[in-house]
Amino acid sequence: MNRIDRLFGILILLQSKKYITADKIADQFQMSVRTVYRDIKALIEQGVPISFEQPKGYFIVQGYFLPPVSFTSDEANALLIMERLVSRFADKSIFTNYTTALNKVKAVLKNSQKEKLELLNESIKFQLHHEMMNDEFDHLATLQNAISGQFIIEIDYQNNKGETSKREVEAIGLVFYAFNWHLIAWCHLREEYRDFRASRIIKIRNHGIPFRKKDHTPLNDYMKLIPVSH
């Protein structure tokens with residue numbers, strides 16, 4: 001990667017994060033931290049309002065806007081492949097949002113790129129057994145918002161015996177395993193972390209109430225308890 005492409009890549013990365021450390025930038029672009037410092041300085045000299053907050057890292061001052069950029073054919077093709085995966089391994093809500101986002105990407109492509117993308121679109125197929133598809137529910141977007149906003153949610157849940165219960169939970173993450181999405185959450189009824197299969201959630205209510213429990217277990221630690229290899 002030449003320096004101009006790298007500088008542009010760092011700018012895009014900064015715009016995609018609230019804060020990012022020099023070490024993480026170095027890892028992303030496989031370069032030394034010293035080179036990161038030089039590149040950040042070069043961007044500042046070009047008028048990009050980059051600031052730094054210890055220990056969180058670098059950030060772009062709010063209000064700075066980088067105009068839309070065009071995508072390469074390889075980048076657009078990669079997004080097309082992901083659309084196939086999303087359509088099979090996500091739910092209706094995520095697929096709808098992804099399709100809307102992908103259409104925005106297509107809108108900035110050159111006509112020649114659009115033609116190639118349409119040809120590729122007709123040349124990629126994905127076939128799974130119906131039981132492995134997750135298109136019969138649409139909770140994932142709502143669950144994502146509850147996780148990022150740290151809101152308590154009420155769910156109507158049906159277990160594998162067909163029994164239905166109401167739960168008040170604090171969601172800490174979503175995990176995909178055994179060909180299903182699972183909500184990992186602190187259950188106030190059971191007073192412990194529980195694993196809820198997303199397709200068995202009948203209804204979700206989010207009243208915007210903040211988490212009551214403090215110091216939740218990190219999702220990575222809980223994943224060690226999941227009885228499958230990952």
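## A pocket, a cavity and a buried histidine

About 320 Å³ of space lies in the second largest pocket of this predicted model. Who lines that pocket? There are 15 residues around it, and those nearest its centre are Tyr157, Asn159, Asn160, Arg194 and Asp195. Strands S4 and S6 (192-197) each bring at least two residues to the lining. S6 gives the largest share, with 5 residues.

Now for the enclosed space. The structure holds 1 cavity of 30 Å³ or more. The largest cavity has a volume of about 40 Å³, and its lining is made up of Ser73, Ala76, Asn77, Gln113, Lys116 and Leu117. Helices H4 and H6 each supply at least two of these lining residues.

Here is how the two linings divide by residue kind:

| Space | Nonpolar | Polar | Charged |
|---|---|---|---|
| Second largest pocket | 4 residues | 4 residues | 7 residues |
| Largest cavity | 2 residues | 3 residues | 1 residue |

Helix H4 deserves a look of its own. H4 covers residues 73-89, 17 residues in total, and spans 24 Å from its first C-alpha to its last, close to the 24 Å expected at 1.5 Å a residue. Which of its residues are buried? They are Ala76, Leu80, Glu83, Arg84, Val86, Ser87 and Phe89. In an α-helix there are 3.6 residues a turn, so residues three or four places apart point the same way. Keep that in mind when you trace the list along H4, from Ala76 to Leu80 and on to Glu83 and Arg84, all of them buried.

What do those buried residues pack against? Two of the partners are helices, H5 (92-107) and H6 (111-121), and the others are strands, S4 (164-177) and S5 (180-187). H6 turns up here as a packing partner of H4, and H4 and H6 also both contribute to the lining of the largest cavity. Ala76 is likewise on two lists: it is buried in H4 and it lines that cavity.

Last stop: His139, which sits in the loop between H6 and helix H7 (140-149). Is His139 buried or exposed? His139 counts as buried because its relative accessibility is 10%, and the cut-off for buried is under 20%. A polar atom of the His139 side chain lies 2.5 Å from the backbone oxygen of Ile201. Leaving aside neighbours within four places in sequence, His139 is in contact with Asp91, Ser93, Ala198, Ile201, Ile202 and Ile204. Ile201 therefore appears both as a residue in contact with His139 and as the owner of that backbone oxygen.

Note on methods. Residues numbered from 1 in each chain as written. Predicted model: local features only at pLDDT ≥ 70, side-chain atom pairs only at ≥ 80, totals over all residues. Heavy atoms only, no water. Helix = DSSP H or I, 4+ residues; strand = E, 2+ residues; numbered from the N terminus. Expected span 1.5 Å × (residues − 1). Buried < 20%, exposed > 50% of the residue type's maximum accessible area, 1.4 Å probe, protein only. Contact = heavy atoms within 4.5 Å. 1 Å grid on protein atoms, 1.4 Å probe; cavity = no way out; pocket = protein on both sides within 12 Å on 5 of 7 lines; lining within 4 Å. Points joined across faces, edges and corners; volume = space filled by probe spheres on them. Nonpolar A, V, L, I, M, F, W, Y, C, P; charged D, E, K, R; others polar. Polar contact = N/O pair within 3.5 Å; in protein donor to acceptor, adjacent residues only side chain to side chain.
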